[in-house]
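Got the viewer open? Let's take a walk through this one, one selection at a time.

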Amino acid sequence: MLVRMFYTSCRNMTRAKNFALLVLCLLIAGILIFNTSSASSDDTNKEYSMVAENDSMVVCFENFDDTRKLIFDAGYNDVDQDASSDTVIYFVTPTYPRREQAAEITRLGQTLMHVPNLHWIVADDTESCNPFLNQLLKKFGIPYTHIASPMPVFYRTRKLVPRGVANRRAALSWIRNNNKKTGVLYFGDDDNTFDLKLFSEIRTTKKVSMFPVGLIGDYAVSTPIVSNGKVQGFFDSWPAKRKWPVDMAGFAVNLEYMALSSNVTMPYKAGYEEDEFLKSIGLKMQDIEPKANNCTEILVWHTQTKNNKPPKIRISSGALQNDKVNLGTLLRQLESMGVSHISQSEGTAAQITKDGKSKSLLSWFS
Ligand code: UGA
Ligand code: MN
């Protein structure tokens with residue numbers, strides 16, 4: 001705006017043929033333009049795109065401002081007070097569009113709201129940035145990066161689909177591209193359950209820390225075996241000849257340690273993602289730091305949300321468009337989230353109940 005005003009007054013001076021003043025104008029204009037561009041690069045909230053070399057990846061939105069009202073400030077959280085260490089946890093969450101997505105992200109976001117010094121990388125398994133998801137992410141006030149990183153079509157048709165891999169690869173690219181050299185990396189799926197104590201535990205990771213994950217496989221737990229404070233082996237009901245038979249949620253990696261390896265990757269190999277990733281960072285048994293009180297506590301649970309088909313609700317367009325009643329707004333919103341569908345001809349008829357009696361919407365509104 002300022003630049004445009006200045007330009008207009010300079011043009012007027014040209015007509016007056018005042019050469020000296022014109023030179024002065026150009027000089028000041030130059031300073032103005034320089035200031036405007038450097039101010040915008042200072043902006044903490046950036047919206048821009050970036051495409052990685054091989055996998056497709058778009059950064060949808062980033063926020064570096066921490067505007068959370070943290071519970072630990074109010075003295076409720078005594079578990080992550082060592083946030084005095086300014087080590088940042090890069091919490092990587094693969095997610096994908098399905099009817100439970102908004103619910104999962106709400107629950108996880110509200111857990112992460114209590115964790116200081118955390119940057120949440122949410123990588124969505126989609127072609128393009130989902131504005132609804134971004135609105136949801138923004139609300140938490142957590143510093144975050146929202147990425148759209150679809151699984152290559154080729155892998156989707158496989159019998160065993162490598163879930164969340166394109167997303168985690170995109171997050172690794174983001175860390176690399178943004179020169180994040182210090183901090184701790186953790187892969188936290190959108191449907192797991194995290195104890196707040198987990199964060200103070202992994203924040204002190206020097207190389208690679210490991211800890212038990214509850215609700216895994218036929219043992220209902222996957223954990224390192226620890227004696228004398230050292231990891232001696234692993235207890236996991238699916239060994240599958242893996243060198244590192246652990247779950248994705250069962251380890252954290254220090255970024256300085258990770259940077260020592262040049263071929264860090266997570267391959268599209270269902271069931272072997274953890275093993276291959278840990279091999280790619282050159283992990284050795286003696287590098288592992290057991291956490292969670294020598295792996296005697298469960299601080300993360302491999303919970304799984306039941307996946308039901310979105311139901312179809314039969315409702316007339318008149319009732320749906322009626323803005324005097326809440327129902328249309330609500331059902332349209334759930335439709336846009338993929339939670340349920342609205343139809344005028346199929347599905348369960350929408351009825352309203354009062355005093356134990358159900359009525360069709362039409363008769364209710366008439
Ligand atoms: C288990 C492990 O805990 C995962 O870390 C591992 O990626 C997965 O197996 C696997 O190897 O297939 P599980 O609960 O069986 O996890 O899988 P999901 O929770 O369905 O998916 C893992 C993550 O990938 C989730 O965060 C999910 O949102 C995401 N995902 C899933 C996608 O991004 N795209 C998909 O098509 C499916
Ligand atoms: Mn899961």
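Start by selecting D125 and ligand 1: a polar side-chain atom of D125 sits 2.8 Å from a nitrogen atom of the ligand. Before moving on, note that this is a predicted model, where local features need pLDDT of at least 70 and side-chain atom pairs count only at pLDDT 80 or more, while totals for chains, interfaces and linings use all residues. Residues are numbered from 1 along each chain as its sequence is written, chains are lettered from A and ligands numbered from 1 in the order in which they are written, and side-chain values use heavy atoms, with hydrogens and water left out.

Now add R168, which puts a polar side-chain atom 3.0 Å from an oxygen atom of ligand 1. Then pick D190: an N or O atom in its side chain is 3.0 Å from an oxygen atom of the ligand. How much of ligand 1 does the protein cover? The answer is 90% of the 680 Å² of accessible area that the ligand has on its own (Shrake-Rupley method, 1.4 Å probe).

Next, show everything around ligand 1 (a heavy atom within 4 Å). You should get 20 residues, and P94, D125, R163, N167 and Q304 are the closest. Color them by type and you'll find four nonpolar, six polar and ten charged (Asp, Glu, Lys and Arg are charged; Ala, Val, Leu, Ile, Met, Phe, Trp, Tyr, Cys and Pro nonpolar; the others, Gly among them, polar).

Leave the ligand and go to N117, in the loop between helix 3 (101–112) and strand 4 (118–124) (helices are DSSP runs of H or I, at least four residues; strands are runs of E, at least two; both are numbered from the N terminus). N117 is not a glycine, yet its phi is positive, about 45°. Most residues other than glycine have a negative phi. At 26% relative accessibility, N117 is partly exposed (buried is under 20%, exposed over 50%, partly exposed in between; 1.4 Å probe, protein chains only).

Jump to N179, in the loop between helix 6 and strand 6 (184–187). N179 is another non-glycine with a positive phi, about 55°. Is N179 buried or exposed? Exposed, with a relative accessible area of 53%.

Last stop: T205, in the loop between helix 7 (197–202) and strand 8 (208–210). T205 counts as buried, at 3% relative accessibility. Select S209 too, and you'll see a 2.8 Å polar contact joining the two side chains (N or O atoms within 3.5 Å; within protein, one must be able to donate a hydrogen and the other to accept it, and residues adjacent in sequence count only if both atoms are side-chain atoms).
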